[in-house]
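Here is a short briefing to read alongside the sequence and the 3D view. Have both open, and let's walk through the pockets, the aromatic rings and a few backbone details together.

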Amino acid sequence: MDEAKILKREPIYQGKVIDVAVETILLPDGSQVDLEMVRHPGGAAAVALDEQDRVCLLRQYRQASGGWLWELPAGRIDPGEAPFETARRELLEEAGLEAADWAELGFMHSSPGIFTEVIHLWLASDLTRAAADHEHGEMIEIHWMPLVQALDWCNDGTITDSKTLVGLYRAGALIRNRLEILSEDPGC
């Protein structure tokens, strides 16, 4: 057996976003365990980079973290929506940006011990400005800063949001790799 199997599911809570249950799992080694699981539809985030190598970061109030966090434009995947469409929608709604060029940065698990959420990440560039449309209850400030500064903030602990850390690090690595390839190309 390579994967676990859900033997029993006891629902605890069904909300607009999450579903919480105790699940009896048959593990790949044949043993059984009861796990408290939080099921979530997943999300998507965009690292929006302008022509001056500045990244769009949101300073957003998050009650669960006890205050303001620096984050990428991101949000929950709506039913029937592809992760890429979520990233496009959230970039427009939260940051007031549209992008003509997109590069996939993979995905991440936000807290795999109890949480099924998978967050898909993209690098968005060739940006145009549009009107932001924040949801009721969202407290968001839109900021632009050099990507180098944002990466410094990842390293010094100013940025603590996991999707933002992973997205910025992966975007930085992708850009660095592209620059190395260009510098090695004798035609450039």
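A good place to start is the largest pocket: 32 residues line it, and His 40, Arg 62, Glu 71, Gly 75 and Glu 117 are the ones that lie nearest its centre. Please keep in mind that this is a predicted model. The space in this pocket comes to about 950 Å³, while the second largest pocket has a volume of about 160 Å³.

**The largest pocket**

- Several elements each give at least two residues to the lining: strands S4 (43–48), S5 (54–62), S6 (67–71) and S7 (74–76), together with helices H1 (83–95) and H3 (162–184).
- Sorted by class, the lining holds twelve charged residues, ten polar ones and ten nonpolar ones.

**The second largest pocket**

- Its lining is made up of Leu 49, Asp 53, Pro 146, Leu 147, Val 148, Leu 151, Gly 172, Ile 175, Arg 176 and Leu 179.
- Two elements provide two or more residues each here, namely helix H2 (147–156) and H3.
- Which element gives the largest share of this lining? That is H3, with four residues.
- The class count for this lining is seven nonpolar, two charged and one polar.

**Aromatic rings**

- How many aromatic pairs turn up in a search of the whole structure? There are four.
- As a reminder, a pair of aromatic rings is described by the distance of the centres and the angle of the planes.
- One of the pairs joins Tyr 61 and Trp 68, whose rings are 5.8 Å apart centre to centre with 75° between the planes, an edge-to-face arrangement.
- Both partners can be placed by accessibility: Tyr 61 has a relative accessible area of 31% and is partly exposed, and Trp 68, at 34%, also counts as partly exposed.
- Another pair is Phe 84 with Trp 122; the ring centres are 5.6 Å apart and the planes stand at 65°, so this pair is edge-to-face.
- This second example links distant parts of the chain, with Phe 84 in helix H1 and Trp 122 in strand S9 (residues 118–129), 38 residues apart.
- Are the two rings buried or partly exposed? Phe 84 has 25% relative accessibility and counts as partly exposed, whereas Trp 122 is buried, with a relative accessible area of 9%.
- Phe 84 and Trp 122 also belong to one aromatic cluster with Trp 102.
- Back at Trp 68, look for Arg 59, which lies over the face of the ring at 4.4 Å from the ring centre.

**The two sides of helix H2**

- The buried residues in H2 include Leu 147, Ala 150, Leu 151, Trp 153 and Cys 154.
- Why do they belong on the same side of H2? They cover an arc of only 155° around the axis, so they share one side of the helix.
- The other side of H2 carries Val 148, Asn 155 and Asp 156, which are exposed.
- H2 also meets the second largest pocket, where Leu 147, Val 148 and Leu 151 are among the lining residues.
- Just after H2 comes Gly 157, with a positive phi of about 95°.

**Positive phi at two aspartates**

- Asp 53 is not a glycine, and yet it has a positive phi of about 60°.
- You will find Asp 53 in the loop between S4 and S5, and its relative accessibility of 47% makes it partly exposed.
- Asp 53 is also one of the residues that line the second largest pocket.
- Asp 126 likewise has a positive phi, of about 55°, although it is not a glycine.
- The setting of Asp 126 is strand S9, and at 52% relative accessibility it counts as exposed. The cut-off explains the label, because exposed means over 50%.

**A residue to locate in helix H3**

- Leu 174 lies in helix H3 and is partly exposed, with a relative accessible area of 24%.
- Leu 174 and Glu 98 are 76 residues apart along the chain, and their C-alpha atoms are separated by 21 Å.

Technical notes. Residues numbered from 1 in each chain as written. Predicted model: local features only at pLDDT ≥ 70, side-chain atom pairs only at ≥ 80, totals over all residues. Heavy atoms only, no water. 1 Å grid on protein atoms, 1.4 Å probe; cavity = no way out; pocket = protein on both sides within 12 Å on 5 of 7 lines; lining within 4 Å. Points joined across faces, edges and corners; volume = space filled by probe spheres on them. Nonpolar A, V, L, I, M, F, W, Y, C, P; charged D, E, K, R; others polar. Phe/Tyr/Trp six-rings, centres within 6.5 Å; stacked < 30°, edge-to-face > 60°. Buried < 20%, exposed > 50% of the residue type's maximum accessible area, 1.4 Å probe, protein only. Lys NZ or Arg CZ within 6 Å of the ring centre and 35° of its normal. Arc of directions from axis to C-beta.
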